[in-house]
Every structure is written in structure tokens, then in C-alpha cells.
Amino acid sequence: MAIYPYQTEPLLDFSKPENIKKYEEGLKTVESYLGQSYDLIINGKRIKTEKQMKSINPSNHKEVIGIISQASIKHADEALQVALRTFETWKKVKPEVRADVLFRSAGILRRRKFEFAALMTYEAGKPWAEADADVAEAIDFLEYYGRQMLSLTRIDDAILSRRDLERNSYQYIPLGVGAIISPWNFPLAIFVGMTTAAIVSGNTVLVKPASTTQVIAYKFIEILEEAGLPNGVVNFIPGSGAEIGDYIVDHPKIRFISFTGSKDVGIRIYERAAKVHPGQLWLKRVIAEMGGKDAIIVDSEANLDLAADAIVKSAFGFSGQKCSACSRAIIHEAVYDTVVQKMIEITKTLKVGDPTLKESFMGPVNDKKAFDKITSYFEIGKQEGKLVTGGHASDEKGYFIEPTIFIDVKPDSKLMQEEIFGPILAVCKVKSFDEAIEVANNTEYGLTGAVISNNRMHLERAREDFHVGNLYLNRKCTGAIVGYQPFGGFNMSGTDSKAGGPDYLVLHMQGKTVSETF
């Protein structure tokens with residue numbers, strides 16, 4: 001099997017008429033199956049349940065994307081038993097065969113790129129460019145993790161044997177059955193990355209996607225099946241976190257939990273997974289990414305046009321619903337007024353509207369719960385700072401919120417400390433670069449950050465002292481690239497795992513040494 005060097009999937013150029021036409025065709029394809037029903041998938045079998053959930057278009061909450069069966073504890077247990085049995089055979093499948101499932105899946109997804117992007121536009125409210133980037137990242141995960149698995153099979157090359165005495169070997173073996181609990185904001189890329197990292201490593205899994213983006217997850221399971229993944233390796237059990245989520249996290253036969261989502265839920269999973277239950281033979285492993293309160297620092301010596309553009313694009317891309325989104329701009333007083341004015345001017349050009357339309361830069365937020373939480377910060381922001389643009393919202397048809405900027409906000413304010421996860425930006429003035437670093441580090445998170453500066457010593461200072469997992473110099477703080485910018489943060493941003501990096505698969509395995517005496 002010839003394996004070409006890893007290359008990232010190119011993003012689409014929507015200035016080209018052929019790409020516009022294909023995206024519009026993708027939207028029509030998705031329109032043709034809106035409102036269909038989707039079952040659980042356990043051991044390859046479709047199971048319809050009495051309890052069902054409607055997936056709603058966040059741009060038009062009268063439109064149903066799909067109706068999805070919801071798993072009970074009985075179904076979760078059935079899926080777990082299947083996964084346990086399947087693990088005994090899947091773990092013995094050669095790594096190159098497991099990797100080939102990922103490569104074949106990448107090819108299928110690449111062929112259906114426009115359909116999957118369009119489905120995210122409908123179900124997740126992603127504008128065209130954001131949806132395309134999500135699909136590209138999913139393809140990248142498949143291509144990268146497949147190659148990483150192949151490279152890890154050669155780990156023996158680093159282990160020494162003693163001549164005429166013993167032969168030593170070292171290998172990675174899979175952990176067992178894992179629970180994959182994925183988020184709604186990257187409903188394809190992160191779901192694909194979490195799931196396939198686990199299975200290419202030889203594990204079997206139960207997958208519970210976020211409630212608002214279950215159709216996207218189901219469609220990817222179909223791709224895995226088409227690519228030749230055996231039944232029972234991945235079992236699709238959407239359902240209530242409070243019901244089946246707790247059940248699978250607590251179960252003594254679950255070996256690891258991979259989670260991406262809010263800090264509160266992540267902490268709860270971490271605490272529950274730490275408890276050893278009767279019949280449990282291991283300490284469960286938790287791989288968690290839990291969000292951030294990300295900052296961009298603008299130095300007194302900086303390209304101010306670049307700074308304003310980087311802040312706005314990082315803050316309002318996908319309506320600020322990225323864990324890497326810039327929610328804090330920390331600007332030196334010498335350039336503060338100029339940068340703020342440039343940010344306001346750029347922000348006012350952003351079009352908020354139906355994401356099926358190419359010209360929409362921002363679509364809706366995720367659902368009513370997100371809408372209510374985000375808009376509750378309007379009044380808080382007016383008390384803690386000065387509103388300079390935005391501050392309006394409407395949920396009459398969909399969950400639309402204007403890109404909103406509050407300036408003159410204090411470092412310890414709610415707006416600067418609490419993760420809002422929406423299109424609200426807090427702007428803070430500082431007197432020095434030292435103060436900027438101090439403010440940037442004064443939250444409980446440590447995911448991403450950026451520094452815009454032409455001062456080399458300040459950039460080097462940030463490299464050492466800006467405590468985030470992903471630091472970007474003279475660019476925006478969103479858009480990590482698989483294989484080039486391994487993604488994951490510090491402190492309450494997660495468990496220090498780095499998705500899309502050289503050591504991510506190792507988190508799903510354990511090392512075994514064998515020493516044979518001659």
C-alpha cells in the first residue's frame with residue numbers, strides 16, 4: 001500500500017463560479033432529505049426507539065433537519081457489550097488495515113465534500129467558508145491519524161537490545177472500549193478526529209454526539225461503513241447526557257472517555273471517571289478539551305490593520321462559537337483608540353444572516369439556550385464597559401446575534417473572565433507589554449492566544465510567558481491546522497492533550513515491553 005506524504009486538504013475558493021455552483025448543489029442535496037428519521041446503530045443494526053429528538057435548523061427553528069432515535073440505558077448497555085466483544089477481534093487487526101479504513105473514509109468524504117459542508121450549514125448554522133473548513137479539517141484528521149498509526153508501528157526502532165543477552169521489544173496496544181462525547185460547534189471535524197483516533201489505535205467505541213448536530217454524526221458513520229469498518233467497532237448512541245452519558249462514563253468496563261465541550265461538563269466527567277467501581281480493573285483515562293477565554297494582545301509597535309482584522313475575524317468567525325475564539329482584546333494604550341476604531345469599522349461590514357447565502361459572514365448561534373445565555377451578557381457588558389457596536393439580537397425566526405464589542409472593560413470583570421461562547425468581544429486597555437501578558441494570563445483557561453507586535457523581544461517574551469497551548473504571533477488565534485499546529489490547552493482548557501499532533505494517538509494506547517533472553 002503506497003502512502004503519500006501528508007498534505008492538508010485545500011480550502012475552497014468561493015470566488016470561483018464552479019465552487020459556488022457545487023455548494024448550491026450540495027444545499028439542494030441536503031434539502032432533499034430534510035426531515036428524515038435516523039436510528040441508533042449498534043453492531044451495524046439500525047434500531048428505532050420510542051424516544052426521539054428533532055434536530056432543528058438554528059437559522060429557521062420551524063425547519064426540521066432530522067428526527068433521531070434516542071438511546072436508553074438499555075441501548076447503551078447493549079452497545080457496550082457489542083463493543084467489548086468486537087474489541088477482542090478489532091485489536092488484532094493489523095494497524096495498516098485500520099489505517100486504510102481512515103484513508104478510504106477520507107476519499108469518500110472528499111467526494112461528498114459539498115454535501116457535508118451544506119449539511120453543516122443547515123444543521124449547525126455554519127456559513128460556507130466555516131463549513132468548508134470543518135470538512136477539510138475532518139479529512140485532515142483522517143489522513144494524519146492514519147499515517148500516525150503507521151509510524152507508531154515502527155516504535156521498536158528506538159528500543160535497544162543487548163547483543164548475545166536479550167532481545168527487547170516495545171509496542172503500543174489499544175486500551176479497550178471508549179466513550180466518545182463530541183461537541184456541536186465542530187460537528188464533523190472534532191467528531192471525526194475523536195472517533196477515528198480511537199479506532200485506528202485499535203479500540204472500539206460508543207459515540208454520543210451533541211444533541212443539536214446528530215444528523216451530521218450519523219452521516220459520517222455511514223461513511224465509515226462504506227469504507228469497510230466492521231460492525232461493532234463504532235456504535236452510534238445519541239441520547240441524554242444526564243441519562244446515558246453518566247451511565248457510560250461510570251461503567252466499570254469503559255476504559256477511556258474522550259470529551260470536547262464545556263468546562264462544567266468536562267469537570268463532571270473527570271470527577272466521575274476518577275471513581276473506581278466494582279469490577280473495574282483499571283484507572284480510566286480522560287482526554288478532554290474544555291474551552292477557553294482567549295486573548296489577542298496588540299503591542300504599541302504593531303501593524304494596526306493586521307491587529308484589527310485578526311481580532312474581528314477571531315472574535316466573530318462562526319459567531320464566536322469556537323473554543324479558540326478571541327473573546328478578549330488587550331491593547332496597549334498608545335494604539336488603543338486607533339485599533340478600536342478600525343475594529344468597529346470592520347465589524348460593521350460583517351453580514352449576519354441565513355448561512356445558506358454565500359454573502360453571510362455570520363449565521364445563527366446554536367440554539368435557544370445559547371441565545372439566551374449570550375444575550376444575557378448585553379446588560380452585563382453595559383455595566384462593565386462601553387458598547388460601541390452591536391448589542392442587538394432576534395430569535396423570531398432563527399437565533400441571530402449581532403457581532404458586539406464592549407470597550408474599556410476591566411481585567412477582572414465578568415466579561416473578561418467568563419466564557420460566553422458567542423459574538424461578544426471585551427476590549428481592555430493596558431499601559432505596558434508586561435501588563436498585557438499579566439492580563440492575558442489572569443483567567444482559569446489557557447487554550448489559545450495571539451500577539452500582534454513588531455518588537456522581536458516582546459514576541460520572544462510571549463513565547464515564554466503567555467501560558468496557552470496554542471500561541472500565534474502576528475495572526476489570528478483561530479484556525480489550527482492538523483499536523484502543523486497540534487491543538488489543545490492548559491489549565492481548565494483540558495487535559496493537555498494535543499489533537500492533530502504526534503502524541504495524540506498514544507493517549508488511546510498503552511505501552512508494552514517484552515524482553516526475551518537468548
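**Helices, a seven-stranded sheet and two positive phi values**

Helix H13, formed by residues 377–384, lies across strands E14, E17 and E18 and runs at about 25° to E17. This arrangement, like everything described here, comes from a predicted model.

The sheet itself is a good place to continue. It is open and built from seven strands, ordered E14-E17-E18-E13-E12-E20-E21, with mixed pairing. At its edges are E14 (386–389) and E21 (470–473), each of which pairs on one side only. Direction ignored, neighbouring strands of the sheet are turned by 20° against each other on average. Within it, E13 (residues 326–332) and E18 (residues 424–430) run parallel and are joined by five bridges. In general, the strands of a sheet pair through backbone hydrogen bonds, either parallel or antiparallel. For a specific pair to look up in the model, His332 stands opposite Val430 in E18. Helix H11 (residues 336–347) also packs on this sheet, where it touches E12 (294–298), E13, E14, E17 (404–407) and E18. The direction of H11 makes about 165° with that of E18.

Turning to the helical part, H3 spans residues 95–111, 17 residues in total. From its first C-alpha to its last, H3 reaches 25 Å, close to the 24 Å expected at 1.5 Å a residue. The buried residues of H3 are Arg98, Ala99, Val101, Leu102, Phe103, Ser105, Ala106, Ile108 and Leu109. These buried residues pack against five helices, namely H2 (73–90), H4 (113–123), H5 (128–152), H6 (189–200) and H7 (214–226).

Just ahead of one of those partners, the loop between strand E8 (204–208) and H7 contains Thr212. With a relative accessible area of 16%, Thr212 falls under the 20% cut-off and therefore counts as buried. Beyond its neighbours within four places in sequence, Thr212 is in contact with Ser55, Glu123, Trp184, Asn366 and Asp367.

Two loop residues deserve a look for their backbone angles. Most residues other than glycine have a negative phi. Phe318 has a phi near 50°, a positive value in a residue other than glycine. Phe318 is found in the loop between helix H10 (304–316) and E13, and it is buried, with a relative accessible area of 0%. Asp496 is not a glycine either, yet its phi is positive at about 65°. The loop holding Asp496 runs between strand E22 (490–491) and strand E23 (509–517).

Note on methods: Residues are numbered from 1 along each chain as its sequence is written. This is a predicted model: local features need pLDDT of at least 70, side-chain atom pairs count only at pLDDT 80 or more; totals for chains, interfaces and linings use all residues. Side-chain values use heavy atoms; hydrogens and water are left out. Helices (H or I, at least four residues) and strands (E, at least two) are DSSP runs, numbered from the N terminus. The expected span of a helix is 1.5 Å times one less than its number of residues. Buried means under 20% relative accessible area, exposed over 50%, partly exposed in between (1.4 Å probe, protein chains only). Contact means heavy atoms within 4.5 Å. Two strands pair if DSSP finds at least two bridges between them. Axes are lines fitted to C-alpha atoms, for helices over the stretch in contact, and angles run from 0 to 180 degrees between N-to-C directions.
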